[in-house]
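Reader: I have a protein open in front of me, and I'd like to know what lies behind the words people use for it. Could you take me through the reasoning?

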Amino acid sequence: MSSDSLGQTLDEMWAAQDGVSVAEYRAREKDRQVFMARAETFEQLPPEAWPDLHPNWDLSIDGRRHTLDGPSIRPGQCSETVQLARKTSEGEWCLGWVEGVALRDQLISSLRIEKHELWTKLSAPKLSRVIAHIAQGGALSPPLVGIAPSGDWLTLCGGRHRFTALCAIGHSRIPIYCGPADLDKVEARVSIEWA
């Protein structure tokens with residue numbers, strides 16, 4: 001099988017999996033490649049050199065599926081109640097607004113990332129994709145805040161790169177989700193304006 005026919009077969013397979021035509025799949029793939037190339041241009045840049053970032057918050061129930069970081073969530077990273085919410089009951093998450101700096105100061109130390117640490121403490125490719133996504137007006141879901149296993153600090157169960165990028169540019173008011181069992185503990189550590 002030639003590489004051209006293999007490419008055609010793979011395109012047909014991926015298009016069928018996505019439920020789109022081969023032409024539509026190829027157009028999406030081309031857009032994705034353009035996006036990835038643009039995202040790479042932001043790697044290692046200080047926040048002062050980033051484009052203007054104005055988050056387009058998606059506060060819809062359907063948008064919550066993008067809140068969690070997927071397989072990067074490690075056991076013990078969040079309290080059991082938030083882990084349960086992750087598995088079963090996204091509709092029960094509570095939405096509120098916080099001051100970014102105030103929340104950052106209450107996070108476990110590994111999540112209190114300063115501007116000069118952005119590219120060393122976060123995944124550079126993921127951070128650059130977040131910057132590109134926000135810059136192009138892509139929908140952004142709020143981070144999910146929970147109680148760290150120690151019980152002494154807060155943690156981000158999803159949205160670490162989004163949250164850190166917005167704090168780095170001085171974006172002050174940020175929406176968050178919180179599992180209902182953690183509400184009192186989170187609210188005891190940071191002032192929240194509930195939606």
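Author: Sure, and keep in mind that this is a predicted model. Let's begin with helix H6, where Ala 124, Leu 127, Ser 128, Val 130, Ile 131, Ala 132 and Ile 134 are buried.

Reader: What do those buried residues of H6 pack against?

Author: They pack against H2, helix H5 (118-121), strand E3 (139-140) and helix H7 (160-168).

Reader: How do you know that the length of H6 fits a helix of twelve residues?

Author: H6 covers residues 124-135, and its first and last C-alpha atoms are 16 Å apart, close to the 16 Å expected at 1.5 Å a residue. After H6 comes Gly 137, with a positive phi near 85 degrees.

Reader: And H2, how does its span compare with what it should be?

Author: H2 has 19 residues, 22-40, which should span 27 Å at 1.5 Å a residue, and the end C-alpha atoms are 27 Å apart, so the two agree.

Reader: What makes you say that the buried residues of H2 line one face?

Author: The buried ones are Tyr 25, Phe 35 and Ala 39. Looking down the axis of H2, they fall within an arc of 85 degrees, so they line one face of the helix. On the face turned away from that buried side, H2 carries the exposed residues Ala 23, Lys 30, Val 34 and Glu 40.

Reader: Why is H7 called largely enclosed?

Author: Because eight of its nine residues are buried, H7 is largely enclosed by the rest of the structure. The buried ones are His 161, Arg 162, Phe 163, Thr 164, Ala 165, Leu 166, Cys 167 and Ala 168. Just after H7 sits Gly 170, with a positive phi of about 85 degrees.

Reader: Why does Cys 167 count as buried?

Author: Its relative accessibility is 18%, and buried means under 20%. Cys 167 is below that cut-off, so it counts as buried.

Reader: Then is Cys 94 buried or partly exposed?

Author: Cys 94 has a relative accessible area of 22%. Partly exposed runs between the 20% limit for buried and the 50% limit for exposed, so Cys 94 is partly exposed.

Reader: I'd think about a disulfide there. How do you know what to make of Cys 94 and Cys 178?

Author: The closest cysteine sulfur to that of Cys 94 is in Cys 178, 6.6 Å away. A disulfide needs the two sulfur atoms within 2.5 Å, so this pair is too far apart for a bond. By that rule the count comes to zero disulfides.

Reader: What makes Gly 100 buried?

Author: Gly 100 has a relative accessible area of 0%, and the limit is under 20%, so it is buried. Gly 100 lies in helix H4 (residues 100-105). Leaving aside neighbours within four places in sequence, Gly 100 is in contact with Phe 163, Cys 167, Ser 172 and Ile 174. Gly 100 and Arg 173 are 73 residues apart in sequence, yet their C-alpha atoms are 5.9 Å apart.

Reader: What is notable about the phi of Gln 44?

Author: The phi of Gln 44 is near 75 degrees, which is positive in a residue other than glycine. Most residues other than glycine have a negative phi. Gln 44 is in the loop between H2 and E1.

Reader: Why are Gln 44 and Ile 61 called exposed?

Author: Exposed means over 50% relative accessible area. Gln 44 comes to 52% and Ile 61 to 54%, so both are exposed. Ile 61 is in the loop between strand E1 (56-57) and helix H3 (80-88). Ile 61 and Glu 92 are 31 residues apart in sequence and 9.7 Å apart in space, C-alpha to C-alpha.

Reader: Where is the pLDDT under 50?

Author: One such stretch is residues 70-76, for which the model has nine contacts beyond four places in sequence. Over residues 84-90 the pLDDT is also below 50, and that stretch has ten contacts beyond near neighbours in sequence. The protein averages a pLDDT of 86, and 86% of the residues score at least 70.

Reader: And what about the whole protein: how many helices and strands does it have?

Author: It comes to eight helices and seven strands. Of its 195 residues, 42% are buried. The accessible surface is about 10400 Å², with 52% belonging to carbon and sulfur atoms.

Conventions
Residues numbered from 1 in each chain as written. Predicted model: local features only at pLDDT ≥ 70, side-chain atom pairs only at ≥ 80, totals over all residues. Heavy atoms only, no water. Buried < 20%, exposed > 50% of the residue type's maximum accessible area, 1.4 Å probe, protein only. Helix = DSSP H or I, 4+ residues; strand = E, 2+ residues; numbered from the N terminus. Expected span 1.5 Å × (residues − 1). Arc of directions from axis to C-beta. pLDDT = per-residue confidence, 0-100. Contact = heavy atoms within 4.5 Å. Areas by Shrake-Rupley, 256 points an atom, 1.4 Å probe, with all protein chains shown as cover.
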